[in-house]
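Reader: Please take a close look at one part of this model and work outward from there to whatever surrounds it. A plain account will do, with cut-offs stated where terms are used.

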Amino acid sequence: MCRQCDVTRFTRRGLFSLGLAATAAAVMPGPTWAQSTPSPVSPDEAIRRLQEGNARYSANTSTNKDFSAGRMARSSAQYPFASIVSCADSRVSPELAFDQGPGDLFVVRVAGNFVNEDGLASLEYGAVVLGSRLIMVLGHSDCGAVNSTIKAMSEGTTLPGHLPSLVNAIRPAVEAAQAKKAADLLREATAENVRRAVAYLQTAKPLISDLVNAGKLKVVGAVYNIDTGTVTTV
Ligand SMILES: [Zn+2]
């Protein structure tokens with residue numbers, strides 16, 4: 001385990017700076033908590049960096065090409081300025097889409113980019129321990145997980161193996177899109193799936209919601225368009 005991955009070394013003083021000392025005392029008692037990020041990037045600055053990075057990527061003018069730069073500095077610590085919840089789709093790579101280098105993004109990926117308890121715990125780690133001040137839930141066009149859910153629901157079929165767990169997680173978004181009588185069901189279900197994950201995270205107690213309410217963390221939603229490489233907010 002890397003030194004920074006050990007959550008028991010974080011001091012209470014650092015949590016006071018996040019306004020989370022009381023919460024942390026309740027959920028993780030111990031004398032050794034510390035916020036390790038030297039100078040956290042603000043939520044709005046993080047959004048700006050992602051927007052500018054995606055503009056470079058979609059224009060094929062990416063600047064992050066030397067992945068050995070900073071390798072030694074990253075060997076003992078990481079300070080990602082944003083967390084991304086992305087689909088596992090092979091055509092969607094957040095580091096490429098936002099033109100960021102190693103150590104810049106804390107990425108949680110699962111087919112269908114929904115957030116379950118494991119994903120939430122990872123995002124709590126990214127925010128509280130690593131100091132990320134932005135969470136972006138990133139859906140994408142032509143999402144196979146969302147499309148398969150639509151198909152399974154419309155045909156009344158049950159997918160094999162563990163795939164039904166994906167369907168069950170995405171089903172509420174499809175139902176919401178159907179209730180809106182969306183002309184493009186896949187497009188609207190994809191956007192709704194993102195919006196639902198954003199709403200879930202914004203109210204996820206105790207850690208994420210406390211940071212959001214204190215204005216120290218933003219949760220935003222967006223969709224990556226595979227055909228253009230551009231990211232648009234939803
Ligand atoms: Zn997908």
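Author: In the hairpin of S4 and S5, 6 residues lie between the strands, and among them glycine 229 has a positive phi near 80°. The model is predicted, so local features need pLDDT of at least 70 and side-chain atom pairs pLDDT 80 or more, whereas totals for chains, interfaces and linings use all residues. Residues are numbered from 1 along each chain as its sequence is written, and side-chain values use heavy atoms, without hydrogens or water. Strands (E, at least two residues) and helices (H or I, at least four) are DSSP runs numbered from the N terminus.

The two strands of the hairpin, S4 and S5 (residues 231-233), are antiparallel and share 3 bridges; strands count as paired if DSSP finds at least two bridges between them. Tyrosine 224 faces valine 231 of S5. S4 also pairs with S3 (residues 134-140), here in parallel and through 7 bridges. Within that pairing, valine 137 has glycine 221 of S4 as its bridge partner. S4 itself spans residues 218-224, and because 5 of its 7 residues are buried, the strand is largely enclosed by the rest of the structure. Buried means under 20% relative accessible area, exposed over 50%, and partly exposed in between, using a 1.4 Å probe and protein chains only.

S3 leads on to the metal site. Cys87 (SG), His140 (NE2) and Cys143 (SG) coordinate the zinc ion at 2.0 to 2.3 Å, and the spacing of these donors along the chain is C-x52-H-x2-C. Cysteine 87 is in the loop between strand S1 (82-86) and helix H4 (94-97), while cysteine 143 is in the loop between S3 and H6; the two are 56 residues apart, and the pair links distant parts of the chain. Donors are N, O and S atoms within 2.8 Å of the metal (3.2 Å for Na, K and Ca), and since water is not among the atoms, sites may look incomplete. Both cysteines are buried: cysteine 87 has 4% relative accessibility, and cysteine 143 has 1%. Aspartate 142, also in the loop between S3 and helix H6 (144-155), is partly exposed at 46% relative accessible area. Its phi is positive, near 55°, although aspartate 142 is not a glycine.

S3 and S4 are among the elements that cover the buried residues of H8, as are helix H5 (117-129), H6, H7 and H9; contact here means heavy atoms within 4.5 Å. The buried residues of H8 include Glu188, Glu192, Val194, Val198 and Leu201. H6 and H8 have axes that come within 10 Å and cross at roughly 115°. Val146, Asn147 and Ile150 of H6 make this contact with Leu185, Leu186, Ala189, Thr190 and Asn193 of H8. The axes are lines fitted to C-alpha atoms, for helices over the stretch in contact, with angles from 0 to 180 degrees between N-to-C directions.

The loops on either side of H8 each hold an unusual backbone feature. In the loop between helix H7 (163-179) and H8, lysine 181 has a positive phi of about 55° without being a glycine, and lysine 181 is exposed at 74% relative accessibility. Proline 206 lies in the loop between helix H8 (185-202) and helix H9 (207-213), where the peptide bond joining lysine 205 to proline 206 is cis, with omega about 0°.
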